[in-house]
Amino acid sequence: MYSTRTRLTTAYAGLLFATMIVFSAALYFGRRVSAHDELAIRARQQALLVLQAIVNAQENGRVLTVVANNPLSGPVIQSTKAMGDVLDRVPGFFLVLDRQDRLLYSSSTLQLYTHTDQDTVYNAGRALLVDGLPTEVPLTGDPQLSTRLLLQAVSDTATGPSISRVVAGVPTSTADLAPQLLIGTMFLLAPVVLLISLAAAYYLAGRAFKPVDLLINEVEAITDGRSLHRRLPTENADDELGRLAETLNRMIARLQASFGALRRFTADASHELKTPLTVLRADVERAMHPGTPQADRLVALEESMQEITRMADLVDSLLTLARADEGRFDLHREAIHLEPIVRDVTETASILGEEAGITVALPLVEDAVVLGDAARLRQLFLNLLTNAIKYTPRGGRVEMTLSHRNNNAVAFAVRDTGLGISAADLPYVFERFWRADRVRSRASERGGFGLGLAIAQWIVQAHGGTLTVQSRLGRGSVFTVLLPMLIQPDAPPAPDAGTDEAPEA
Ligand code: ADP
């Protein structure tokens, strides 16, 4: 394939060439027509000149024609020697015809032509209308190398009854010459103009594409993977290239963000797996050691079991998030009542709360029907509840409410009087592997992986809802899930199980 620059140049030069051809053709034909008109005027002037000469001579008393009596054909008009004397001095090609269209005089220049040509001219002149359109006759033996003669006829009553008209001719060679000269010039000029315009077009196209070339080089340098922090220069933000650079910059920023997230995710995931594996290895080694007493061995195995469960949980969470990222939500959506689910999780939470010395209450329940996956919603509510219990010290209180909002949404809120989250940390709580205080949360056996809220948020979003948090450090937090409500609980259930679109409220 040719480069855009070459293609532009060729297209431009082709266009220019075509324009030149059309322009030259128009000029050529225009010139020919006007030259032809000029010839007709010149022929007429020539004829008028001859007429004038005849009239002048007659006024001076010279006799130019006589009527001779021919015994066979009757009276015949003949030119006198005086006509020859008068008209020989007038230059140019012309004929003088009598009233029967017979030749009275033929100019000396015309007599230089062959007889055939002279006959052609005479015949054409006879047929010409006085003051009518001119005619052109071809010549074969032209001593002046003109191939055609343009004829024009004029008459004047002042010449008397014998002379009917004067026919004058002008060689077309002069008129043909100008357009031919034009063509010659064009043929000579065309390659030069074409070459110059090609060069100019190539140069201009090159200049126009230079910034694109620069942009390509910059993008190549940036997208090698290690320079994603760099950005393209956007000098002129209004032109196309400036806008392209800005668009690319936004794309690079998104790439940088997602590459960063991917790197962090991989690092975090491996880190999270490394710790339980280390513990597991130590436990197994301890259990295998011949000197380890039986009771210690059992303790080691139990600890191993705990670590294995932890790892299984982590892998489970990772798998859920990976599936969510891929868009393969295994949601089985149907119209469901939320109240039974909320009551069920409250029961579980009460048991957990009792163990942790925390009061769990459910002061307000307004049932609502949503289009959702019961198991996932249960997981979501439980996630928020266990967090509230986990991050609330002994003697605290956890409260849940299920209430209608604006007729078309239902809110599930979990309020605790626990540790709370600092304002600086709030923006990060839904990020994967984020924990307010990694060391503390693991050491104090609250230890999650920081994936629970990420999964919770995915579940909410997959249901077309929102998950928000309000919190103050040391005062407690409120997590609120807003879900679109099905307006008509009697409406037929969702068409397909596993649809991943937000339900229509
Ligand atoms: P984890 O498994 O660590 O609980 P989450 O994603 O559920 O992971 O929570 C992320 C972090 O958000 C927690 O480590 C904790 O610091 C903070 N957090 C979540 N819920 C609460 C809450 N109710 N009160 C205080 N902090 C919370």
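Start by selecting strand 11 (residues 397-405) and strand 12: eight bridges join them, and the two run antiparallel. The model on screen is a predicted one. Strands of a sheet pair through backbone hydrogen bonds, either parallel or antiparallel.

Now pick out E399; its bridge partner in strand 12 is R415. Strand 11 and strand 12 form a hairpin with three residues between the strands, and there N406 takes a positive phi near 50 degrees.

Keep strand 12 (residues 409-416) selected and colour its residues by burial. Seven of its eight residues are buried, so the strand is largely enclosed by the rest of the structure.

Add strand 14 (residues 476-484) to the selection. Seven bridges join strand 12 to strand 14, again in an antiparallel arrangement. Go back to R415: in strand 14, the residue opposite R415 is V478.

Next, move to a sheet earlier in the chain numbering. Select strands 3 to 7: they make an open sheet of five strands in the order 4-3-7-6-5, with antiparallel pairing. At the edges are strand 4 (103-106) and strand 5 (135-138), each of which pairs on one side only. From one strand to the next, the twist averages 25 degrees.

Within this sheet, select strand 3 (residues 93-98) and strand 7 (residues 163-171), an antiparallel pair joined by six bridges. V96 has V166 in strand 7 as its bridge partner. Then show helix 1 (residues 4-59), which packs on the sheet and touches strand 3, strand 5, strand 6 (148-154) and strand 7. The direction of helix 1 makes about 140 degrees with that of strand 7.

Select T65 next, in strand 1 (residues 65-70). Is T65 buried or exposed? T65 has a relative accessible area of 16%, and because buried means under 20%, T65 counts as buried. Leaving out residues up to four places away in sequence, T65 touches I77, Q78, S79, T80, M83, L104, S162 and I163.

The last stop is a pocket. Rolling a probe the size of a water molecule over the atoms shows where empty space is left. The second largest pocket has a volume of about 320 Å³. It is lined by 12 residues, and those closest to its centre are A261, R264, F265, E431 and R432. Which helix gives the largest share of the lining? Select helix 6 (residues 240-288), which supplies five residues. Colour the lining by class to see six nonpolar, no polar and six charged residues.

Terms used
Residues are numbered from 1 along each chain as its sequence is written. This is a predicted model: local features need pLDDT of at least 70, side-chain atom pairs count only at pLDDT 80 or more; totals for chains, interfaces and linings use all residues. Side-chain values use heavy atoms; hydrogens and water are left out. On a 1 Å grid over the protein atoms alone, a cavity is a set of points where a 1.4 Å probe fits but cannot get out, and a pocket is an open set with protein on both sides within 12 Å along at least five of seven lines; lining residues have an atom within 4 Å of a point. Grid points are joined across faces, edges and corners, and a volume is the space filled by probe spheres set on the points. Helices (H or I, at least four residues) and strands (E, at least two) are DSSP runs, numbered from the N terminus. Ala, Val, Leu, Ile, Met, Phe, Trp, Tyr, Cys and Pro count as nonpolar, Asp, Glu, Lys and Arg as charged, and the others, Gly among them, as polar. Two strands pair if DSSP finds at least two bridges between them. Axes are lines fitted to C-alpha atoms, for helices over the stretch in contact, and angles run from 0 to 180 degrees between N-to-C directions. Contact means heavy atoms within 4.5 Å. Buried means under 20% relative accessible area, exposed over 50%, partly exposed in between (1.4 Å probe, protein chains only).
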